[in-house]
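Biologist: I'd like a close look at how the helices in this one pack. Could you walk me through a single part of it and then work outwards from there?

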Amino acid sequence: MSSGFREALPRALLAGLLVSVVIAPAARSASPVSVCVDRSSPSAHIDRIAARRAAAHAGLRIRIVRFDSDHGLGAGQFRKLAKRRCDLIMGFPVEAGSMAVPAGLEHTAVYLDTGFVLLSRKGWHLDALPRGSQLGVSYQSPPDQVLSARTHRFRIRIFNTESRELAALAAGRIDAAAVWQPTYWAYRQRHRVAAHWKANRLGLPHASWGLAALYSPRVRTVAARFADALEHVKVPRPGPQPGTDASSGATTGRAPGQPRLYTAGQARAGARLFVADCARCHGADLQGISGPPLKGATLAGPDADLTVGDIFGILSQRMPMGAPGSLSRAEYTRLMAFLLRENGFPPGGTPLRYTQALASKVPLAGATSETDVASDGH
Amino acid sequence: MTAIRTTPRRAVSLVVAFALGLLMPGTSALATGSAAYRPVTSARLLNAQHDSGWLMYRRSYDSRGYAPFTQITPANVSRLKIAFTYKTGLKQGHEAPPVVNGRYMFITTPLDHVIALDAETGKVLWKYRKKLAPGARRSVCCGVPNRGVALFGDDVYLATLDNHVVALKAVTGKVDWDRKVEAAGTGYTMTLAPLVVDGEVIVGESGGEFGARDFIVALDARTGRQIWKRYTVPAPGQPGGNTWPRGDAYKHGGGPAWLTGSYDPETDTLFWGVGNPAPWLPTDRPGRNLYTDSVLAMNPHTGKIKWFYQYTRHDAWDYDGVNQSVLADIDYHGKKVKALLHADRNGWFYALDRVNGKFLWARPFTYVNTITGIKSDGTPVEDGSRRPAAGKKVFACPSPFGGKNWWPMSVDPKTGMAYLPTVHACADLEGVAVKYKRGLPYYGERPTIRHQPGTSDWGEVQAIDINTGKQVWSRMYRKPWDDGMLSTASGLVFSGSLNGRLYAFDARSGKVLWKSRKLRSGIIGVPSTYEVDGHQYVAVLAGYGGVMSLFGQKLTGATPKHPMPRGGELYVFRLP
């Protein structure tokens, strides 16, 4: 815990606490709901934002209480926290497929899909790691427990902490690292070297998790309101912008030289249209509701093998489903610009044209795989 | 666990490792204290009609959706109260019936979550969430639903959107086996509840809107090993292969088998509905396009086709013939006949002889202008001017929603009636050029939904005499009636409305005897009923979504400012 990464967290936390202090006076009259955030957790920032947005949505007054799990917590401590200090405990990892929580406690729906990712400069997937390469895991983490039980063509290096593991990756002492995704996000905030890494879903058992809030049955009524609201708020994912110095303002993880197919203004106009005509089925965050996700693997995954023209054909001929073809050509083109932006294409000086979009053979694949990790949650 | 507590380590790893520890065998606190689980044998499935639970999708192999329970009656149904509820936390369409074995209830949600609950108290026993393959949702036409589980032995079976069949241990929710039957996101998805027959888990693929070449596949319930696989679109040289043009059209011909089949133990025959050909636009696939829009009668041990009947030939309207086959005996010219009853998307109610596939009779149950008659040998008569072509728009009734969509009808052998959820809608269908691209929509037609001539109502609940096909009673509704029907021996019919109320109708008269309060969201989940400890329960999932939310906004009256309420919630009712 000696890296700069460790020191970064309290600062981020402080900002959050200041906000909660501002909120607090208004809440003084009736006792606010105490929502605990683990300050040692790399997802603390996201947890706080999720809590505040859920509270605002539900019209609940909350007080954010920090606690520190740095020395480890067992089920008893979580129960104790839930009993004494916290109405809700944010940031508890529940595994996809099991959703197990400490006995006696309940959990809300998952508000952020995450898990373990494989980081490397080359963007390797686990099954493509070259023979003899070195893969870092941290001691007793699920990737360690799953991988160390078997032999592989690559070599496993076990680190005592994830920050040491990431330092080793930064120094080139290992070729790839399996880490908790929020740890990677937090690390990337402080270390420019991480901008050169690519993250891929770690295709292993016990690698897919979600963050949920824990609560004790005694606060079920309040928790239900909070949980309901959590389902409706948008929780920010640190997007695929490893280059924080990128000046375009677009969420681009693409290498320079990618085609610039649309203008920023078209994409902005497309974003507004999307809210009005598309978000109902595809989600305001493009992660899909009844309609498919429009971001990441679904559209831009390498296995999808789709071109801009393929998607524009569907968009302009079939959408919106209840009234296909009901928008103008310019509107469809703006929507396509927005989809391109959201899938990592940079804006340029020349606007996208309808006929050009229909005929475009530019492949959509290649947007950073970071978005893929998120693409199939709910 | 002890190692974790005594060794300081990075916080999140600890939390994760702690949660992982709960998964290890023997440490699950969630599964303890539950009642013993009674294995579901083949004998129990054959006798499922008389079980106290609800052991399969439509309760019994005959797919009647009829239960022998009599505690809840027309006289006391108005006293129904909520016994427990459970929020799933998902906003998409919830289409599954609660499946119950003893005290164990299993529900599925959109995106392939399974939740096991205590059927009496609602206590959650375990949850399973399928982590879907990237891109799986590329090829979904009509939302991300799942229509429930199948039970066999100590396992619970789930078919997934990324084309896996997953066997979970019923008591713990742990994965017993997981088998991929097709790649994800390539046009195929699965949304149906599997059917278990004689130790085989049988599932069918969706993909009629994506140019998949669909199939039905049977897996060994103990291991997941494939036993047989039957493409619903034959290849050139196979029987029926000449009903497709030369070339690759058959490879993208659709024929989705996306609803659970029925099984007749007497003749040892598996019945499975097959859906629409792809693309919707018929121009590039001249021929009858077997076995689309058909029912297949198969040997359940080999998948071999004994006979078939095609409801719609060379379909041009998405008359997806997948709706369930209800097995019931009817009076036909003074004789008792083992019949197969079917209400098709094309608006006709059919009776076939289920022993040999012979067509008995058919009657329209809604306004139809496309298939205007059916000859005594079962050959449909068409109005040829109702076929769309590229650049040609036609007014077709019923619309692609069908006179009845997938929501299952129920047949009550005591009243001799079939209870149908009905949609009254037509469509302007405009043909447009289309090309196939793997994983993407493949329609070639654009529907604009219109009112059916003569009515401004979109929905109806109706009872049809299964001996004649004639309507006995009818109740018209403003919104489409898009929910499965449940009938009970006490003379009740339960079904939910898009307004979010569960209804109880008098089975003989159609009179509304009870409506629940407005539930959290519109109901499109199939109701089921079961008994535990002397109480009869009626269970249903509310949670609007699915096909209507995508194509049918106009029919529901929803607007961007006044959307349909969303959110999945299980409601279980009983008498006080």
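Biologist: How do the axes of helix H2 (residues 44–58) of chain A and helix H7 (residues 220–232) of chain A cross, and within what distance do they come?

Modeller: Keep in mind that this is a predicted model. In it, the axes of H2(A) and H7(A) come within 8 Å and cross at roughly 110°. Angles from 65 to 115 degrees count as roughly perpendicular, so that is the word for H2(A) and H7(A). As for who touches whom, H2(A) brings Ala50(A), Ala54(A), His57(A) and Ala58(A) to the meeting. On the side of H7(A), the residues they meet are Arg225(A), Phe226(A), Asp228(A), Ala229(A), Leu230(A) and His232(A).

Now swing over to another crossing in chain A. Helix H8 (residues 264–277) and helix H12 of chain A have axes that come within 7 Å and cross at roughly 100°. H8(A) and H12(A) are therefore roughly perpendicular to each other. H8(A) puts in Gln266(A), Ala267(A), Ala269(A), Gly270(A), Ala271(A), Leu273(A) and Phe274(A). Facing them from H12(A) are Glu331(A), Thr333(A), Arg334(A), Leu335(A), Ala337(A), Phe338(A) and Arg341(A).

H12(A) is worth staying with for a moment. The largest nonpolar core has 194 residues, and Met336(A) is among those that touch the most other members, along with Val149(B), Ala150(B), Tyr157(B), Val201(B) and Ala418(B). Helix H12 (residues 329–342) of chain A gives this core its largest share, seven residues. Leaving aside neighbours within four places in sequence, Met336(A) is in contact with Phe312(A), Leu315(A), Leu352(A) and Ala357(A). There is also a second, separate core of 39 residues, including Ile46(A), Ile64(A), Met90(A) and Tyr111(A).

Two of those Met336(A) contacts lead us to helix H11 (residues 308–318) of chain A, where Phe312(A) and Leu315(A) are buried. Val308(A), Asp310(A), Ile311(A), Gly313(A) and Ser316(A) are buried in H11(A) as well. The cover over these buried residues includes helix H10 (297–300), H12 and helix H13 (354–359) of chain A.

For a helix covered by strands, try H3 (residues 75–84) of chain A. Its buried residues are Phe78(A), Leu81(A) and Ala82(A). Looking down the axis of H3(A), you find them within an arc of 95°, so they line one face of the helix. That pattern has a simple background: an α-helix has 3.6 residues a turn, so residues three or four places apart point the same way. The face of H3(A) turned away from the buried side carries Gly76(A), Lys83(A) and Arg84(A), which are exposed. Among what covers the buried residues of H3(A) are strand E1 (33–38), strand E2 (62–67), strand E3 (88–95) and strand E10 (208–215) of chain A.

Stepping back to chain A as a whole, there are 14 helices and 10 strands. Of its 378 residues, 51% are buried. Among contacts in chain A between residues at least 6 apart in sequence, 77% join residues at least 24 apart.

Last stop, chain B. An open sheet of four strands runs in the order E26-E27-E30-E31, with antiparallel pairing. Strand E26 (410–412) and strand E31 (471–477) stand at its edges, each with a single partner strand, so one side of each is left without a neighbour in the sheet. Neighbouring strands in this sheet are turned by 20° against each other on average, direction ignored. Strand E30 (residues 459–465) of chain B pairs with E31(B) in the antiparallel sense over six bridges, and Glu460(B) stands opposite Met476(B) in E31(B).

How values were computed: Residues are numbered from 1 along each chain as its sequence is written. Chains are lettered from A and ligands numbered from 1 in the order in which they are written. This is a predicted model: local features need pLDDT of at least 70, side-chain atom pairs count only at pLDDT 80 or more; totals for chains, interfaces and linings use all residues. A residue is buried if 20 or more other C-beta atoms lie within 10 Å of its own, exposed if 12 or fewer, and partly exposed in between; C-beta atoms are placed from the backbone. Helices (H or I, at least four residues) and strands (E, at least two) are DSSP runs, numbered from the N terminus. The arc is that of the directions from the helix axis to the C-beta atoms. Two residues are in contact if their C-beta atoms, placed from the backbone, lie within 7 Å. Two strands pair if DSSP finds at least two bridges between them. Axes are lines fitted to C-alpha atoms, for helices over the stretch in contact, and angles run from 0 to 180 degrees between N-to-C directions. A nonpolar core is a set of buried Ala, Val, Leu, Ile, Met, Phe, Trp, Tyr and Cys residues joined through C-beta atoms within 7 Å. Angles under 35 degrees count as roughly parallel, over 145 as roughly antiparallel, 65 to 115 as roughly perpendicular and the rest as oblique.
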